[in-house]
Amino acid sequence: LDETIDTLRKTKMLKEEMTANTLMFSIFIGVIVTVISPLLFALALNLLRILIGVSATVAPALANSQMDMPFNLEEISVDIEDFKLFSYLALSVISIFASLILAIIQKGDIKSGVIYVPLFLAISLALYYVFLGVLQGFFAFI
């Protein structure tokens, strides 16, 4: 009888530990998808804008100089609107798959993740717009 009680206590402790780990993974995936991914895409877009501006002013000056440079700097031909479209698509795909992964982790069923898709999409795209505005304002002062 004592062994059965010990086994039940160990089983209960293992279930509580599994629940805690599941919650930790869910929070980690949620934060990555809703906050960090939009922030990184917004930061990359602003970096692209800065690089386009710098290359547009520096490339002609380097082409006219007589110095031998260890690198070749030409104008960047990436369109900002194309990168925005890529960001939207990437954030959408990340949100969809993250919601399905969360459903598998939490409930063991991929079908229940469909509920999370609109929520993750809305939050990640909204934060992308917020981060774009904030970072544009920040880099405008620099």
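Contact here means heavy atoms within 4.5 Å. Keep that cut-off in mind for the first stop. The model on your screen is predicted.

**Stop 1: Ser 87**

Select Ser 87, in helix α2. Show what surrounds it. Leaving out residues up to four places away in sequence, Ser 87 touches Phe 41 and Tyr 128. Is Ser 87 buried or exposed? Ser 87 is buried, because its relative accessible area is 0%, and the limit for buried is under 20%. Now add Leu 45. The two residues are 42 apart along the chain, yet the C-alpha atoms of Ser 87 and Leu 45 are separated by 8.8 Å.

**Stop 2: Phe 41**

Move to Phe 41. Which residues does Phe 41 contact, leaving aside its neighbours within four places in sequence? Ser 87 is on the list, and so are Phe 83, Phe 86, Ala 90, Leu 91, Ile 94 and Tyr 128. Two of these partners return at once: ring pairs link Phe 41, Phe 83 and Phe 86 into a cluster.

**Stop 3: the aromatic pairs**

Display the rings. A pair of aromatic rings is described by the distance of the centres and the angle of the planes. With ring centres required to lie within 6.5 Å, the count comes to seven aromatic pairs. One of them joins Phe 83 and Phe 86. This pair is tilted, with 6.1 Å centre to centre and 45° between the planes. Both residues sit in helix α2 (residues 80–107). They are three residues apart, so about one helical turn separates them. Colour the two by accessibility. Phe 83 counts as buried at 17%, whereas Phe 86 counts as partly exposed at 47%.

Next, select Tyr 88 and Tyr 128. Their rings pair edge-to-face, 5.7 Å centre to centre and 85° between the planes. Tyr 88 lies in helix α2 and Tyr 128 in helix α3 (residues 116–141), so this pair ties together parts that are 40 residues apart in sequence. What is the relative accessible area of Tyr 128? For Tyr 128 the value is 0%, so this residue is buried. Tyr 88 is partly exposed at 25%.

**Stop 4: the nonpolar cores**

In soluble globular proteins, nonpolar side chains tend to be buried together. Here, select the largest nonpolar core, which has 12 residues. Begin with Phe 41, Ala 42, Leu 45 and Leu 48. Add Ile 80, Phe 83, Ala 90 and Leu 91. Finish with Tyr 128, Phe 131, Leu 132 and Leu 135. Which helices supply at least two residues each? Helices α1 (2–64), α2 and α3 do. A second, separate core has five residues, among them Ile 29, Val 33, Ala 98 and Phe 120.

**Stop 5: Asn 46**

Go to Asn 46, in helix α1. Asn 46 is buried, with a relative accessible area of 3%. Show its partners, not counting residues up to four places away in sequence. Asn 46 touches Leu 132, Leu 135, Gln 136 and Phe 139. Two of these, Leu 132 and Leu 135, are also on the list for the largest core.

**Stop 6: the surface patch**

End on the outside. Select Leu 23, Ile 27, Val 31, Val 35, Ile 36, Leu 40 and Leu 43. They form a nonpolar patch on the surface. Together their accessible area is about 570 Å². Pick out Leu 43, in helix α1. At 37% relative accessibility, Leu 43 counts as partly exposed.

Key: Residues numbered from 1 in each chain as written. Predicted model: local features only at pLDDT ≥ 70, side-chain atom pairs only at ≥ 80, totals over all residues. Heavy atoms only, no water. Phe/Tyr/Trp six-rings, centres within 6.5 Å; stacked < 30°, edge-to-face > 60°. Helix = DSSP H or I, 4+ residues; strand = E, 2+ residues; numbered from the N terminus. Buried < 20%, exposed > 50% of the residue type's maximum accessible area, 1.4 Å probe, protein only. Core = buried A, V, L, I, M, F, W, Y, C linked by side-chain atoms within 4.5 Å. Patch = residues over 30% accessible without salt bridge, like charges linked within 9 Å, V, L, I, M, F, W, Y side chains within 5 Å. Areas by Shrake-Rupley, 256 points an atom, 1.4 Å probe, with all protein chains shown as cover. Salt bridge = Lys/Arg side-chain N within 4 Å of Asp/Glu carboxyl O.
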